[in-house]
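Grab your favourite viewer and work through a few exercises on the two-chain structure below. Each one has a task, followed by a solution you can retrace step by step.

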Amino acid sequence: MAETLRRVLNSGGAAGPGEENTAEAEPPLLLLGGHGSGKTALLFAAALEAAGEGRGPVLFLTRRPLQSLPRRIGAALEPLRLQKIRFQYPPSTRELLRLLCSAHETRGPAPSLLLLDGLEEYLTEDPGSQETAYLAALLLDTAAHFSHRVGSGRGCGLIVALQTQEEGDSATAPQLALLQRYFPAQCWLQPDAPGPGQHCLRACLEPGGLGARAEWRVTFRQDGEMTVTPWPTQAGDTSLHKGSSSGGQP
Amino acid sequence: MRCFISFMFLQESLLEPSVPDEHLLSLKFVFGSSAVQALDLVDRQSVTLISSPSGRRVYQVLGSSGRTYVCLASCHYCSCPAFAFSVLRKGDSLLCKHLLAVYLSQVMRTCQQLSVSDKQLTDVLLMEKTQEAS
């Protein structure tokens, strides 16, 4: 769902509708960042964006119920949009697998967006590469099935958020490299120097060869307001994502 | 999957009763020894496309050992140990013989078809976890 995230990030900036509605399916996206980097907030923003498109419900999977609705972008939360977001809380890896494997059993309108927050919490039992790949493949397959049921148009998107470790911790590096093979499009979130009373992030979107790389500055104010501006491009601006990842673009 | 490109020129000849030698050689060049084993699996009707009324589909391949493996072709996954080792961990293979057999079946448009209920399809997708343990 690189394009949906791009739209979310673009819409928070200067006036303008942002990207055109594309008719093709969008690639699955891996959202990466450390603890507290705003992944949940961005996922939720994407959920609201998709819910507002009127194409189908949004399925939001996370291990624990969100303590509070994450800080939101701009306009007030619309109750109608919230109603279209279905939250499910699979408590274990096994339950998540069961949910994905049985996703075709439920009837009714197919989701237009599938979100998973906190993939790392389902990978804590030190899974081997096969289990990790199985979970990644099932996520893709479930989204593909929903797309098939939606029929024509953009189908069902998929965004998965994964918490990455601090630089220097190589424990998750092999898992990350593996997941990057299944999710060619990635968006990295990294803390940026905060202003007074603000929490700033740098969001770097790598669509995996299917579009231009783009960066934004995401700012959370004290009152919870989230604003997004394109990252100013400067000569000599260093790339941010080389830091914590051992896997790069192929 | 890049290897689909290599299937483009093979497609026509693979629909013939016998595959020309030069195409067999090409398959072996690209995919190594998996190629012959994969063709063998296809010949022996070991590839089954399982679908349910929901429209969801999964492939099941009967391996040479008698065990069946689950393959998710669209997202490139096989439950066999060779996939985990050669493809995921070592990265020196693009796919295992079961996935190659599935792709060949798709190109040659020939494989067993099995219709099951939605519930049974869930079990097939889930079952491979218990197969690993047995």
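The exercises that follow deal with a predicted model.

**Exercise 1. Size up the interface**

Work out how many residues of chain B and chain A are in contact, and how much area is buried between the two chains.

Solution.
- Step 1: count residues on each side. Chain B puts 29 residues in contact with 25 residues of chain A.
- Step 2: get the area. About 2,200 Å² is buried between chain B and chain A, and carbon and sulfur atoms give 54% of that.
- Step 3: find the chain B residues that lose the most area to chain A. They are Arg56(B), Leu88(B) and Leu126(B), which together make up 29% of what that side buries.

**Exercise 2. Polar pairs across the interface**

Find the salt bridges between chain B and chain A, then say which elements of chain B touch chain A.

Solution.
- Step 1: apply the cut-off, a side-chain nitrogen of Lys or Arg within 4 Å of a carboxyl oxygen of Asp or Glu. Two salt bridges turn up between chain B and chain A.
- Step 2: take Arg107(A), which pairs with Asp118(B), with the closest N and O atoms 2.8 Å apart.
- Step 3: now go to Arg56(B), whose salt bridge with Asp141(A) has its closest N and O atoms 3.0 Å apart. This pair runs from the loop between strand 1 and strand 2 (57–62) of chain B to helix 5 of chain A.
- Step 4: check the burial of that second pair. Buried means under 20% relative accessible area, so Arg56(B) at 2% counts as buried, and so does Asp141(A) at 7%.
- Step 5: widen the search to polar contacts. There are 16 residue pairs in polar contact between chain B and chain A, counting those with both residues at pLDDT 80 or more.
- Step 6: map the chain B side. Strand 4 (77–78), helix 4 (81–89) and helix 6 (118–133) of chain B are the elements giving two or more residues to the side that touches chain A. Helix 6 of chain B has the largest share, with nine residues.
- Step 7: sort that side of chain B by residue class. You get 14 nonpolar, seven polar and eight charged residues.

**Exercise 3. Strands and a charged network in chain A**

Trace how strands 6, 7, 8 and 9 of chain A pair up, then look for salt bridges that share partners.

Solution.
- Step 1: start with strand 6 (residues 185–192) of chain A, which pairs antiparallel with strand 7 of chain A over seven bridges. Here Gln186(A) stands opposite Glu206(A).
- Step 2: move on to strand 7 (residues 198–206) and strand 8 of chain A, antiparallel again, with eight bridges. Arg202(A) is opposite Arg217(A), and Leu201(A) has Val218(A) as its bridge partner.
- Step 3: finish with strand 8 and strand 9 (residues 226–230) of chain A, joined antiparallel by five bridges. Phe220(A) faces Met226(A) there.
- Step 4: check how covered the strands are. Seven of the nine residues in strand 7 of chain A are buried, and in strand 8 of chain A (residues 214–221) six of the eight are.
- Step 5: go back to Glu206(A), whose side chain meets that of Arg213(A) in a salt bridge at 2.7 Å, N to O. Glu206(A) is buried at 8% relative accessible area, while Arg213(A), at 38%, counts as partly exposed.
- Step 6: join the bridges with shared partners. Arg202(A), Glu206(A), Arg213(A) and Glu215(A) end up in one network.

**Exercise 4. A serine in a loop**

Is Ser112(A) buried or exposed, and what does its side chain lie beside?

Solution.
- Step 1: locate Ser112(A), in the loop between helix 4 (93–101) and strand 4 (113–117) of chain A.
- Step 2: read the accessibility. Ser112(A) has a relative accessible area of 0%, so it is buried.
- Step 3: look for a polar partner. A polar atom of the Ser112(A) side chain lies 3.3 Å from the backbone oxygen of Gly56(A).
- Step 4: list contacts, skipping neighbours within four places in sequence. Among them are Ala50(A), Arg55(A), Pro57(A), Gly155(A) and Cys156(A).

**Exercise 5. A link across the sequence**

Which parts of chain A does the Arg64(A)–Glu121(A) pair tie together?

Solution.
- Step 1: confirm the salt bridge. The side chains of Arg64(A) and Glu121(A) meet at 2.9 Å, N to O.
- Step 2: place both ends. Arg64(A) sits in the loop between strand 2 (58–62) and helix 3 (79–83) of chain A, and Glu121(A) in the loop between strand 4 and helix 5 (129–150), so the pair ties together parts that are 57 residues apart in sequence.
- Step 3: check Arg64(A) for burial. At 52% relative accessibility, it counts as exposed.

Notes:
Residues numbered from 1 in each chain as written. Chains lettered and ligands numbered in written order. Predicted model: local features only at pLDDT ≥ 70, side-chain atom pairs only at ≥ 80, totals over all residues. Heavy atoms only, no water. Contact = heavy atoms within 4.5 Å. Buried area = accessible area lost by both parts, 1.4 Å probe. Polar contact = N/O pair within 3.5 Å; in protein donor to acceptor, adjacent residues only side chain to side chain. Helix = DSSP H or I, 4+ residues; strand = E, 2+ residues; numbered from the N terminus. Nonpolar A, V, L, I, M, F, W, Y, C, P; charged D, E, K, R; others polar. Buried < 20%, exposed > 50% of the residue type's maximum accessible area, 1.4 Å probe, protein only. Pairing = 2+ DSSP bridges.
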